[in-house]
Structures are given as C-alpha cells and as structure tokens.
Amino acid sequence: MIRSHCILRTERRGIHVDQSDLLCKKGCGYYGNAAWQGLCSKCWREEYQRVRQKQIQDDWALAEKLQREEEAAYASSHGVQTQSTTPPQPGHTSLGPFSKFEEKKTNEKTRKVTTVKKFFSPSSRTASKKETQEGKTSPSISRHASFDTDQVSKDFVEFLKNLQKPGREIHKQCRAFLVNMSSKKDLGADELSECVQDFYQNLADRQMTHFKGSSESVEQVMDQVEKYIMTRLYKSVFCPETTDDERKDLATQNRIRALHWVTIQMLCVSMDEEIPEVSENVVKAITDIIEMDSKRVPRDKLACITRCSKHIFSAIRITKNEPASADDFLPALIYIVLKANPPRLQSNIQYITRFCNPSRLMTGEDGYYFTNLCCAAAFIEKLDAQSLNLSPEEFERYMSGQASPRCSSAEGEWPHTGQGAGVAATNPVLAQLNHNLEQLSSISSRQEKVMEAAQSLQADLLSWTESVQREVNDILEKYPLTCTVSAIDANNIDNDNLPPPLTPQVFAG
Amino acid sequence: MTAMRVDVKVVMLGKESVGKTSLVERYVHHRFLVGPYQNTIGAAFVAKPIQVGEKVITLGIWDTAGSERYEAMSRIYYRGARAAIVCYDLTDSSSFQRARFWVKELQNCEEHCKIYLCGTKNDLIQEDRSLRKIDYHDAQDFAEEIGAQHFETSSKTGNNVDELFQKVAEDYNSTAFQYMTGKTKLAWLRLLQAACHIFTDSPGS
C-alpha cells in the first residue's frame, strides 16, 4: 500500500514537472489535449474548421475543374474539324490537371488504406485517437466516393461523344436535371422517384421523336443515362431519411435472424447440398445477393439478382436433372435469402422500384427475377406455421428458441450411427462432422478393446510370473538344496594310503 | 448481359403440377419434358419472339409458383401483365376451382390483362374419355362469362399449344397502341410500389 502511494506521488510530481508540455501549443495559456494534437478545445475547433473549410474548397475546385473538363471535351469533340491542327489548347493543357488528378487519386487510395488499417489496429482507443488526430477520415471516404462518380461522368461523356448532336443535348438535359434535383432534396421518396421516372420518360420520348432513334439505341442511351444520374443521386436518394426504409431493413434483418431454424426441407427446396457442385452454386448465389447492396446503379443491382438466380437454377438443374420451374425456383430463392440475410434488403428493393428504368422492370428477364425477390421478401415477412407445414405450437417453439428442428431429431444421440441421416441431409458440413464422429466413436471403442486386451495380457503376465515363482518355490521347498557328500568320498576323505596316481611314461622304441 | 427486349408480359397461372412449365417448354422448345435436359437452365422465364403479320413481337413468359403457400404473393407476379394464361388440369376438378380463384383475382386487380383459360393434358382425355373431370362446355361457358379465350391443349402432343400463344401475340398486337404510352408505364410503376408497400408496411415481429 505504502509503495503504491509513493509511486502515485512520484507520478504526480512528474506530471507537475512537465506541465508546460501540456499547455495548448498555440500558447493561449489553456491546457491542451493529446487527442486534439496538443491544442486546447477552442484552438482545436478553429484549426479543425480551417482544415475542413480547405477541404470543402478543394472539393469545389475539383468539381469545377471536372465540369470544365467535360465542357472542354465537348468543345474539342465538336471543334475537332477546325481546331485539331492547333495542338496547344487555349485554356489549359489537358494533361496537366489530369496528372494532378491521378496523383490525388493515388493519395486518396493510400489514405483509404490507412483508414482500413485503423479499423484493424489492436486497440480501438488508439484507433479513435488517430482518427481524431487526422480529423478528416470521414470526408476522405466521401471524397473517394466522389472519385467513383467522376469516373462515371467521364465514361458518360465518352459515350455521348459518339452520338454527336443528340449526345450534347442529352448531356445538357442530364446536367440541368441534376441541378434541379439538388434543390429538391427535401421532397419525399415517392416524389423524387416520380421526378426521375418523368425524366427518363421524357428523355426517351424525345430521342424517339426528335432524333428518330431505334428502340434499341434509345434503350442503350437510357442505360447510360440511368448509370450517370443514379450514381450522382445515389447518396441522397438511397434509403432517404424521409422514409422508414431503414426501420424496415432492421425489421427484415431481425426477422430473418429469428428464422434461422428454417430448414431446406420445410421450404420443399429441391437442392441437394451434399452434391459439391450444388453447394458451390448455393455459395455463389449467396455471394451475389449480398453483393447487390454494394452497387449504386439500379441496373447493376438487378444484374446481381439475375446472377444469383442463374446460380440457383444451376443448382436445381444439377439436383433434379431437369430445368427448374417457378415451383422450384421461388422456394430456393427464399432459402437463399434466409441464408444470406442480404444487407438493407428493403432499401434495395425500394430503391430499384423507385429509380430503375421501368421498361426493364416490367417485362424483361431481370424484371422476372426481381419480382421473385420481392415475393421472397414478402413471403419471409408473412411466414407462419402454415407456410412451412408446421403446427402452430411447433412454430412457436422454434421461434422462441425452445426447440431446434435440426437437433431435436438427433438430440443427445448424435455420436451414434443410427440418427446420422436426418442431420446429414441438412448440411454437408454437418454430414462430414457426423461421419467423423462415427469414425471417432468406432476408433475409441476399438481402443477400449485393445486396452482391455492389453490389461488382461498384463494380468496374465503377472500371474504367469507369480505362478512360475510359486512353482519354483514349491519345488525348492519339496527338494531343499542340501549338500550331501557321497558315502564313498566321505569314507575316503583323509585316506592317504591310496596308490599314487598313474603318471604317463614314455617308452622309447 | 444479353437481356432480350421484351414487348409483352405473359404470366402463367395455375395450380401446382397442372403443367404450366410443360406448356411453356413445349411451345418454346417443341418438346415434352421426359428425361433430363442439359441445355436449358430454367424454364421459369422465357423470352420468345413471334411473327404476327409483318411484325415480330417478343413475349416474355413468366412462370409462377402455383403452390397455395405462395398465393398471397401471386399479385406481385401478375402486376403489369398484358396476358394471363390460367391453366387447369382437365383430369382434376380442384384445379379448375383454383383457376376460378385466379380469374377473380385478375379481374379485380389487373383490368388490362387479357385472360386465356387453358385446360391441359388433353392427350390423357383422348386416350381415356372417362378421365375427363371438367366438361368442355362448362369451361367454355365460364370463359364466355368472363370474356376470356378458351383452349384445351396437350403439351405431350403439342395439340393447340402454338395456337394459344399465337392468339396471345395477335391480341396484343391489335390492342398494343391503345396502352403502354409513357404514362401507363408510370402508372404501372406506382401500382408496383403500392404492392410492395402492402407487404412491407407491417414489420415482422
């Protein structure tokens, strides 16, 4: 106790001595804080504001530069005939800013890497400290996102260049629309959706009537327009605060978690996951449906759903050896959704319905799979005992976690061989586990036998030595070792008058 | 992604195992499902171009899950469909009751959707007349009552199958210009959103 007091005191003294180091680095006289890079709260706030202001200005400058570039691209694409012979562009060389742009991009990348590293650093406290020291990690992430959008804008400009006059017109309209949309941020999700859909419709109609585009080329253009517009709008219109999408997402997520016990048999899914090729397809389908959340363009999200569905079809076809019908497909998709628990499922469904080009959603293949996903989500929401062919009591017990269908069939008996089949069918991993357990138990029983035999051998050996010992003793007792000298010898013990022993004689001749 | 442009959405409705998939399979691939087929991965969605006079119309044929457990969801399926082929098994009277159910649903929710009543497995009837459970005239009367076309088909022999889909395409072609202007597309979208809301409004427990 006394010693610890001493230590405390010396420490205190130490702090007292270094007090000047703890004052605000700006020299305002207040105490600083390591978390604020040695500044006091007031100075830190000023400093932080300054850095942020600079960041915002940088962002603005970048945005303006990009816009200039886009316009320049137009000017050059249309002034090519007259100006192509004069290499130095009047405004600025296009190479200069671009290389800077590249440089910034790589900076951005390294910064992102450090941010990611931070999440994995051993102590969360140091991580948060570092983050506050830099004070701009979150802006850096959002800026990274804006670089993606820049790339999309560039691609869009590239694409429209090939279209000559209509291209310029489309670009102008898209820009005007985006500006218009940015002033409408407070509108509800449905109104926003209506704006976007009206815009798609008008733009497509205009192309049809004014530029006499074929329906295929119009579709192509509309795909690009959708990509450009929705990448720009994504942040403000995906899962907006004006809706309760987020609440629904959480509800669905929890619902799927609560339904973790639903087995493939209950849904009557015709996929046999014990076939390696099938389980491979199942894993791919799960990956695809999870990936959907990472895409920004509605059409890319749809593509994820379509890929997922194709994998499900493959899995069913391999299992059943015939093409899958909707009666096979929908339950399988429900099963995949339950297994994957895709992030923000409701938000994604809503986002796609609100902002996807309707001609895709309505009739095409993507639309079909998307509709199935909507059905799967609705089914999961409404799922009850009847839809799984269970009694209400059973359903309640599973929901409350009192019983689990996977274990109840083999509860407490799983190391034995008989019950293996019921469990094995649910999951290849479980089947493998079961198999291993069986082997282990047979090995252990064999080992027991070996041990028994060894022990009996040991006992045998012990008893054998004992019995030998006993026998020897018995014999020894029976015939005690007595040294009796024979009578003849005894009589002649000291008889010296015997004739001397014969000595060899040599006879010559 | 080579998604084919599709002009019209056709949904297949009907009880499980009445032969919706076989009907589509017969029409699109001219074959009857016996034994393994390796070259198609699924028959749930098919896009099929079809010649109508001078024009080519692409039907997008949507197979639906017929099981009763998905009945509540069937509304999401036929949203926006311009034609519905409601199938029933000629040898199964319960399947005709289910067909009546879907007809009612369609009439209530999808007024622009044209209904085609289709009795399947006609080949079984041809072999043994006593198997017929749904009288031709009863079905015909019902079809007239609801303003629907009526077909009896066999996916095994291909009887009447092409005629059914040809009729669907022709009917679409003759009425195509009345609908599907931009605003109806939008209206349809509103409906889809409303449908989604129906199912997502009540959060799970």
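This is a short chat about chains A and B of a predicted model.

Student: Start with chain B. How many helices and strands does the secondary structure come to?
Tutor: Chain B has 7 helices and 6 strands. Along the sequence the pattern reads β-α-β-β-α-β-α-β-α-α-β-α-α.

Student: What share of chain B counts as buried?
Tutor: Of its 205 residues, 54% are buried.

Student: And the surface: how much area does chain B expose?
Tutor: About 9,000 Å². Carbon and sulfur atoms supply 49% of that area.

Student: What about sequence separation in the contacts of chain B?
Tutor: Take contacts between residues at least 6 apart in sequence. Of these, 73% join residues at least 24 apart.

Student: Now helix packing. At what angle do H1 and H6 of chain B pack?
Tutor: At about 85°, with the axes 9 Å apart. H1(B) covers residues 20-29, and H6(B) covers residues 161-175.

Student: Why call H1(B) and H6(B) roughly perpendicular?
Tutor: Because 65 to 115 degrees counts as roughly perpendicular, and the packing angle is about 85°. H1(B) and H6(B) therefore fit that class.

Student: Which residues meet there, H1(B) against H6(B)?
Tutor: H1(B) brings B:Leu23, B:Arg26 and B:Tyr27. H6(B) brings B:Val161, B:Asp162, B:Leu164 and B:Phe165. By type, the residues of this contact are 5 nonpolar, no polar and 2 charged.

Student: Switching to backbone. Where does B:Ser17 lie?
Tutor: In the loop between strand S1 (8-14) and H1 of chain B. The phi of B:Ser17 is near 60°, a positive value in a residue other than glycine.

Student: What sign of phi do most residues other than glycine have?
Tutor: Most have a negative phi.

Student: Is B:Ser17 buried or exposed?
Tutor: Exposed, because exposed means over 50% relative accessible area and B:Ser17 has 59%.

Student: Over to chain A. Where is A:Asn341 found?
Tutor: In the loop between helix H14 (326-340) and helix H15 (345-355) of chain A. The phi of A:Asn341 is near 45°, also a positive value in a residue other than glycine.

Student: What span should H13 of chain A have?
Tutor: H13(A) runs over residues 298-320, so 23 residues. At 1.5 Å a residue, the expected span is 33 Å. The end C-alpha atoms are 33 Å apart, which agrees.

Student: How many residues of H13(A) are buried?
Tutor: 17 of its 23, so H13(A) is mostly covered.

Student: What comes just after H13(A)?
Tutor: A:Asn321, with a positive phi of about 65°.

Note on methods
Residues numbered from 1 in each chain as written. Chains lettered and ligands numbered in written order. Predicted model: local features only at pLDDT ≥ 70, side-chain atom pairs only at ≥ 80, totals over all residues. Heavy atoms only, no water. Axes fitted to C-alpha atoms, helices over the stretch in contact; angles between N-to-C directions. Helix = DSSP H or I, 4+ residues; strand = E, 2+ residues; numbered from the N terminus. Parallel < 35°, antiparallel > 145°, perpendicular 65-115°, else oblique. Contact = heavy atoms within 4.5 Å. Nonpolar A, V, L, I, M, F, W, Y, C, P; charged D, E, K, R; others polar. Buried < 20%, exposed > 50% of the residue type's maximum accessible area, 1.4 Å probe, protein only. Areas by Shrake-Rupley, 256 points an atom, 1.4 Å probe, with all protein chains shown as cover. Expected span 1.5 Å × (residues − 1).
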